[in-house]
Amino acid sequence: ATEDLAILGSIPNLRVVAPADKWETKLLVRQMAELSGPKYLRLDKDTANSPEDPEGVILGEPRLLSKGDDVTIVSIGAILSEVLSAAEKLVEVGVSSEVISLNSLKPMNFGPIISSIKKTRRVVCVEEHSKIGGLSAFISQACLRNQLSDVKFEEVGLDDEFPSIVGDQRFLRKQYRLDCEAIFNAVMLQL
């Protein structure tokens with residue numbers, strides 16, 4: 001689904017959870033079970049293979065995976081694997097990126113994200129979702145609420161169209177410019 005976060009993110013009091021890894025999914029499901037109210041769990045075929053950090057996984061709390069001064073890269077879900085590859089490639093050209101992984105769209109603690117964006121003055125939002133109504137929309141609204149209208153902002157997500165190509169996830173990410181190369185290029189456009 002490439003519209004689910006936008007649709008479900010607009011429903012009041014619905015927790016919208018999108019883990020990046022299988023190990024993270026296990027922890028978040030346990031946390032979700034302890035909470036009352038409706039929840040949506042987005043499961044991905046892929047896994048990000050991010051370093052396991054059981055103490056650092058709290059529903060709605062951003063997870064800082066790398067510190068940097070040049071750009072903030074925020075992602076949600078297993079597309080984090082592409083973000084981590086892009087961050088490694090950026091280091092090779094002297095660009096330090098602050099990589100933030102989100103495990104949910106709602107709830108979301110915007111504090112650490114806004115602090116990072118204030119520091120780098122650049123943000124790239126990466127999501128395996130339409131650019132409309134998903135992570136990019138939530139982060140851009142948070143920037144505006146915090147008077148950060150002068151930051152450089154870039155989205156890596158699906159354009160406003162229905163996907164019409166068939167293939168495996170890696171092939172589709174490349175075709176729709178959601179891969180490591182697209183993320184790398186989005187960052188380089190900001191520098």
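Q: Which residues of helix H2 are called buried, and what covers them?
A: In this predicted model, the buried residues of H2 are Trp23, Glu24, Thr25, Leu28 and Met32, each therefore falling under the cut-off of 20% relative accessible area. What covers them includes strand S1 (15–17), strand S2 (39–41) and strand S3 (63–66).

Q: How do you know that the length of helix H2 agrees with its number of residues?
A: Helix H2 runs over residues 22–33, and at 1.5 Å a residue its 12 residues should span 16 Å. The C-alpha atoms at its ends are 17 Å apart, so the two values agree.

Q: Why is cysteine 125 not counted as bonded to cysteine 143?
A: The closest cysteine sulfur to that of cysteine 125 belongs to cysteine 143 and is 7.3 Å away, whereas a disulfide requires the two sulfur atoms to be within 2.5 Å. The separation is therefore too far for a bond. Seen from cysteine 143, the closest cysteine sulfur is that of cysteine 125, again at 7.3 Å, and the structure holds zero disulfides.

Q: Are these two cysteines, 125 and 143, buried or exposed?
A: Cysteine 125 has 0% relative accessibility and cysteine 143 has a relative accessible area of 3%. Because buried means under 20%, cysteine 125 counts as buried, and so does cysteine 143.

Q: What makes strands S7 and S8 a pair, and in which sense do they run?
A: Strand S7 (residues 122–130) and strand S8 (residues 152–158) share six bridges, and since at least two are needed for strands to pair, the condition is met. The pairing is in the parallel sense, with valine 123 standing opposite phenylalanine 153 in S8. Together with helix H5 (residues 135–145), S7 and S8 make a β-α-β unit, and this unit is right-handed.

Q: Which elements do the buried residues of helix H7 pack against?
A: Helix H7 covers residues 180–190, and its buried residues are Cys180, Ala182, Ile183, Phe184, Ala186, Val187 and Gln190. These pack against strand S4 (71–76), helix H3 (80–92), S7 and S8.

Q: Why is threonine 2 called buried, and what does threonine 2 touch?
A: Threonine 2, which lies in the segment before helix H1 (4–9), has 19% relative accessibility and therefore counts as buried, the cut-off being under 20%. Leaving aside residues up to four places away in sequence, threonine 2 touches Arg42, His129, Ser130, Leu158 and Pro163.

Q: What makes the approach of threonine 2 and glutamate 3 a polar contact?
A: The contact joins their side chains at 2.8 Å, and the limit for such a pair of N or O atoms is within 3.5 Å. Residues adjacent in sequence count only if both atoms are side-chain atoms, and the contact between threonine 2 and glutamate 3 is one of side chains.

Terms used
Residues numbered from 1 in each chain as written. Predicted model: local features only at pLDDT ≥ 70, side-chain atom pairs only at ≥ 80, totals over all residues. Heavy atoms only, no water. Helix = DSSP H or I, 4+ residues; strand = E, 2+ residues; numbered from the N terminus. Right-handed = clockwise from strand over helix to strand, strands pointing away. Expected span 1.5 Å × (residues − 1). Buried < 20%, exposed > 50% of the residue type's maximum accessible area, 1.4 Å probe, protein only. Contact = heavy atoms within 4.5 Å. Polar contact = N/O pair within 3.5 Å; in protein donor to acceptor, adjacent residues only side chain to side chain.
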